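Me: Please take a close look at a single part of this structure. Keep it brisk, and add how the copies relate.

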4 protein chains.
Amino acid sequence: MSLSTLDRHRLPDNATLRDGWWQAYRNVRRHSLNLAAPLSPEDQCIQSMADASPTKWHLAHTSWFFEALILVPLCPGYRVFDDHYHYLFNSYYEALGPRHPRPQRGLLTRPAHAEILAYRQHVDDAMARHLDACPAANWPQTASLLELGLHHEQQHQELILTDILHAFACNPLLPAYDTHFGPELALTIQPAPALSWLDHPGGLVQIGHGGDGFAFDNETPRHPVWLQPFQIANRLVTCGEFLAFINDDGYQRPTLWLSDGWAQVQAEGWQAPTYWLSPDDPRAAAAEWMQFGLTGVRPLQLNAPVRNLSFHEACAYAEWAGARLPTEFEWEAACHLSGFQQATGVAWQWTRSGYDPYPGFRPLAGAAGEYNGKFMVGQMVLRGGSLATPAGHARPTYRNFFPPPARWQFTGLRLAR
Amino acid sequence: MSLSTLDRHRLPDNATLRDGWWQAYRNVRRHSLNLAAPLSPEDQCIQSMADASPTKWHLAHTSWFFEALILVPLCPGYRVFDDHYHYLFNSYYEALGPRHPRPQRGLLTRPAHAEILAYRQHVDDAMARHLDACPAANWPQTASLLELGLHHEQQHQELILTDILHAFACNPLLPAYDTHFGPELALTIQPAPALSWLDHPGGLVQIGHGGDGFAFDNETPRHPVWLQPFQIANRLVTCGEFLAFINDDGYQRPTLWLSDGWAQVQAEGWQAPTYWLSPDDPRAAAAEWMQFGLTGVRPLQLNAPVRNLSFHEACAYAEWAGARLPTEFEWEAACHLSGFQQATGVAWQWTRSGYDPYPGFRPLAGAAGEYNGKFMVGQMVLRGGSLATPAGHARPTYRNFFPPPARWQFTGLRLAR
Amino acid sequence: MSLSTLDRHRLPDNATLRDGWWQAYRNVRRHSLNLAAPLSPEDQCIQSMADASPTKWHLAHTSWFFEALILVPLCPGYRVFDDHYHYLFNSYYEALGPRHPRPQRGLLTRPAHAEILAYRQHVDDAMARHLDACPAANWPQTASLLELGLHHEQQHQELILTDILHAFACNPLLPAYDTHFGPELALTIQPAPALSWLDHPGGLVQIGHGGDGFAFDNETPRHPVWLQPFQIANRLVTCGEFLAFINDDGYQRPTLWLSDGWAQVQAEGWQAPTYWLSPDDPRAAAAEWMQFGLTGVRPLQLNAPVRNLSFHEACAYAEWAGARLPTEFEWEAACHLSGFQQATGVAWQWTRSGYDPYPGFRPLAGAAGEYNGKFMVGQMVLRGGSLATPAGHARPTYRNFFPPPARWQFTGLRLAR
Amino acid sequence: MSLSTLDRHRLPDNATLRDGWWQAYRNVRRHSLNLAAPLSPEDQCIQSMADASPTKWHLAHTSWFFEALILVPLCPGYRVFDDHYHYLFNSYYEALGPRHPRPQRGLLTRPAHAEILAYRQHVDDAMARHLDACPAANWPQTASLLELGLHHEQQHQELILTDILHAFACNPLLPAYDTHFGPELALTIQPAPALSWLDHPGGLVQIGHGGDGFAFDNETPRHPVWLQPFQIANRLVTCGEFLAFINDDGYQRPTLWLSDGWAQVQAEGWQAPTYWLSPDDPRAAAAEWMQFGLTGVRPLQLNAPVRNLSFHEACAYAEWAGARLPTEFEWEAACHLSGFQQATGVAWQWTRSGYDPYPGFRPLAGAAGEYNGKFMVGQMVLRGGSLATPAGHARPTYRNFFPPPARWQFTGLRLAR
């Protein structure tokens, strides 16, 4: 029973369903460990910038989420694994007290890697017992938070990959995470579809999550939005297309850029997407452009969608191409159109929409209310899903968000006009 | 003939109309000098932070705008006042070449104050001649850029006031700009209207500028937006109401704040709006809260609208008050409702809308295209107008914008729910 | 009667002597105003970096020094000019209470320039009365602090020039302080003496001030120092010699530099001394190297001593030249040698001596004890005197000091080996 | 045969002597691994600030030193272990080419810990062969660089301990490096000797290394220095004495501090030596002051010498105590006096001497010339040796040096007057 199947039937409480939840829980939790498997304890310990976190921290924090939100308040008799962990592995929940400063997560050699694995096991054992023995009165809240916790862990699964890629990119050896990592290898063999423009007539469309199944609070409430007619590209912009932008001095022409973007280009010396290596890069001498990824350094695939772009680079490219980014509403309305490809599985797609609350938005009650709402300023919405997004995690109403200069996620762009 | 009257009839070209433009030009230009009049050359020279500019720079830059966009390209035989000024007084127009770094505007003791006045006169004289003698072929572009230039200068008139207030607030003497400055004095005698909630039924509304008269490009194109039903306050939040927020530990409770806002509160030690002086402030010993403004230090007026707030403080207050900020669309749709007060004349009103382009937005052609569009990220929209906004400058479709932490403008808030 | 003549007879108290002090006071004070004369109130208001101060601030601070150290404690019935000035114009005397933050001195448009002139006059009038009427019991302390205050004001006279030069160098117009400023013009016509090496036999020498006359506390106590035999250059390094260092890639070769120096070269992009303009500098198109100074932009004088160098640049040059900097003790021992030229009047001379206290050093009593002692770490000693040093201010035992990266003073170098 | 015994006979070349060198090499190299033994690969990977380095990096860099300075240039047929290591493990030798940025050493999870151990073994094997088979012509240079390399590695042995202590101090768990670490435990049981003052008559003393045996270049040449008579304390200042300074508001009184020191106190909120935990520290609730060290958190030992102090704190304490720090020359001259205790084995002792070159100082030839000389500015000299200094490493002429604000070394103070 897949996680998404469970979503649609999550309210009743019976042994079969509880077992279904347990299977889902076990699958998600196992996948995190699988993702960490190619990494040594050393690899799992480091933090290459304040925005990224160590793998070990992700493994611990996702366990703490179940402990702090379910086991401690809802599971009678649960014994906390280690009193310090509440301080160490709380990410940003002010309602749950003070926490270890984010930029210092990489200094936590202790608790050791093995202790974190033991912590995960401790939480998993307790969750198994709780899913079995939880009193019926606690079940609805347990089920609801369990579901949130699994989606939460899936988000961190993506971050495990993007964060380690950033860390490895800081290492002059450019080590590969896993030379056989399938989702990335797949990109190297797919021919890019021919570019075509899909028409949307505009008008009143329903935006946001409204049906059964799980959604984050930021996708609600479902509400009408009026759209002007527009066209949207059937696929993402490719590396080859972006290379033409570079070769046309795209990174040297201020009028293509938003003001903040141009300031960033100059301050950080941007010349290409973050993991591209120019032919004269000393780390990978080659006669052609190369790209660093989870599978290591490989020749740039001109047919593959460009990824690891900031919003600013996406905007400048669109300006150069005589087009624009779609709004998040256009994206959501268009993603069901016939011919709409690469909706997910490759790269999150920057939209031209600031991350504002939907009309009538209310955060979840309690600490979980800090999950999304408090980040609703200074960020841009991304839609779709990436090669690092766990299967079944994304959906058309999903609102991912990052600040405009962020480049270390698997982020690309689709044009509109 | 007022500027706004002119706006509605700006296309034809005849002597009467040209004279009308000249009157408008002269009035606007004279007002800038009037605003500078209470300030010594020393006062007009300093810059208290990178975001603010010296008065003298404002006086020069607004003249340069006419010189660079009208006189040089459209006035045959015009002689530039000083070749260096193009570099010194270009603000941010990449298309017009390199410029003096913004944070160093306060170091320009030369050109001296008197030279800037001579520059203004030189430009004014040339504009008078040009409005008289401009060939008909150049008239439409002249009229259009002249109109833009006047609105541009009006925007800088507001900045002259907000920037000097910031500079004076950095001086421990807290000097008054002008103890008789009317728009601020007026606030001290108005009783606040009782708070009431105005109902708007929602539905499809038209947003943006669509008729005759001047508007900035960012207000266009006019387009439909679908609104859910909402309520909006008839007036702005008062200082007395905001004081209750402070006294209820508003600045100490993280869960009231957006994440970025709370980080700012801690990093900068915010305890109250930026120009408030607590009773124990060493600069103004008093038994009560005081407020520093253009008229100097005065007792906090509990009935007056709170101003000089960041977006973050506005949001936290709204959260505390069990309400929210209106979107910019709600504000524009509601501002015509009967009972809607303080739309302008007191404080710009933060909305819950990121500054995104309207569907179909195209910047102006040429250098003027950098006027608005390139700032459309990382900022929030404000609506209304303030005590420092020149008469006739604001309109219901006007989109002002500042980054979320900005506090030095006359910015306040109106609640919605 | 010159200031230095007075120094030697400062203990007795009689009408003639008091009048002599008054003449000295008046001369020094008048000279400060003379130095400010070429500058507008705007010029006198700005601060181009935290290490520099506005002219107006110098004029006020030197007056405050007399007010705070003499008039308030020693002159019965003195009435303070303005209560705020104690806060505004205290530089760094912790014992005298809190003060305006140094980096914000440039924001003090108020008190206005004219008020500072009135303040000076007020202090001068009170000093005149005090020198006349001061009770005999207060005379010794008055005379001693008066002498300190005059030397203090002379130090600020040098800073007035170096600070305004820095400010003007930040202005793309590169305005001249005074195109007829004699001490700088003099450099352009002097031929450089031929370089020769003066021998010093080493052995036990007496270092520091020990006789009559004024000296700062940091020059005492006089004490023996043992020197190894050494040679010292008869003159300073010239611009032409330094240009050869530049042309030999001196700024590109890390092994010539101290570690901190090389870091600075890279971080700040140093390519030449701070006020040199390379032939391709956009501010002064020329076929040759130019130099900006108090008299404006002029062709680099190859025969003139190089100045406005950091300690790091001085050290790197010496390394390149196969020599070294002298220690401060070598300098003091050698400056009496026959043939030792340019001891003062051109540029302070970096020595290879950290600014440590002399054995037995005790700071002055009271607030004046903060004058020198608390800066005795992280700085290097300079000896000699510069074109900006007031006549009669320097002496062979004088210990000037600045941090190794400082470049805005008139600082050069003399080689030793 | 100890390292220091070898020092005295290092010139001749015969099998016995070569074997002696091999024994010394093996002992030093083994000690590094012993120091790393209590640490996991995770622990050995992290870097808690730019000034500190990961244990793994120390292990690699010390091996690279032998490889780059001996094996590559002097051992025919040597095969480099990995071409990348030259870039990764060069510390600061500009003459040897570019290198990995210091602040990013903690991101090097690869090469893995095991690979570094293999690297050490590879270098050790090659050194064994080279010491056996090195042609006689290469022997003198080999022996000289080998000796330097062993002293170099001993310096890094101390840094391994101070750097991991800093890293662990950043971990809220405050893990112990080794609860049985002898040199630190020893401090907890020694009673402090009674304070007494030792007299030195001053006069001409010989300073610096001049005899047989190894010394760093910065200790040479030996030269005469004239000292005034002085007194020096027989022992270091204790924690109990320093606590009295704290309790007397030592950290709140600006006039006790040098100007830079007071700025540091305020900017960083210093209240006590860096590893002290006040009674209300949340990390170690206790009724008394605690101290964190290599053996973990323990009650502050009032009798033990205070350590992990900055120069600024040492100076402020001395001022408060009515005394001063000795100069490095006084220390060296006095350390042979009868009754002079704690010369080494506890804490390096800040002196009142800037780190300037000795008269006639010449750095070593070649890359080794960057070892000491290029750091001779902005640092203060420390004398003695600490609990982390390997046995036999220190000597009376040894000049250690750190910048005035550094606190993470085992640094204390001894008074003079």
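Reply: Here is one strand, then one loop residue, then the pairing of two chains.

This is a predicted model: local features need pLDDT of at least 70, side-chain atom pairs count only at pLDDT 80 or more, and totals for chains, interfaces and linings use all residues. Residues are numbered from 1 along each chain as its sequence is written, chains are lettered from A and ligands numbered from 1 in the order written, and side-chain values use heavy atoms, without hydrogens and water.

Start with strand β1 of chain A, residues 197-200. Strands are DSSP runs of E with at least two residues, helices are runs of H or I with at least four, and both are numbered from the N terminus. In a regular strand the side chains alternate between the two faces of the sheet. In β1(A), A:Leu198 and A:His200 point to one face and are buried. Buried means under 20% relative accessible area, exposed over 50%, partly exposed in between (1.4 Å probe, protein chains only). A:Trp197 and A:Asp199 point to the other face and are not buried.

β1(A) pairs with β4(A), residues 230-233, in the antiparallel sense over 4 bridges. Pairing needs at least two DSSP bridges. A:Trp197 has A:Ala233 as its bridge partner.

Now B:Ala176. This residue sits in the loop between α6 (139-169) and α7 (182-187) of chain B. B:Ala176 is partly exposed, at 23% relative accessibility. Among its contacts (heavy atoms within 4.5 Å) are B:Phe168 and C:Arg110, not counting residues up to four places away in sequence.

Last, the copies. A rotation of 180° with 0.0 Å of shift along its axis superposes chain A on chain B, RMSD 0.0 Å. The fit is by least squares on C-alpha atoms of residues with pLDDT of at least 70 in both. The two copies are thus related as by a two-fold rotation axis.
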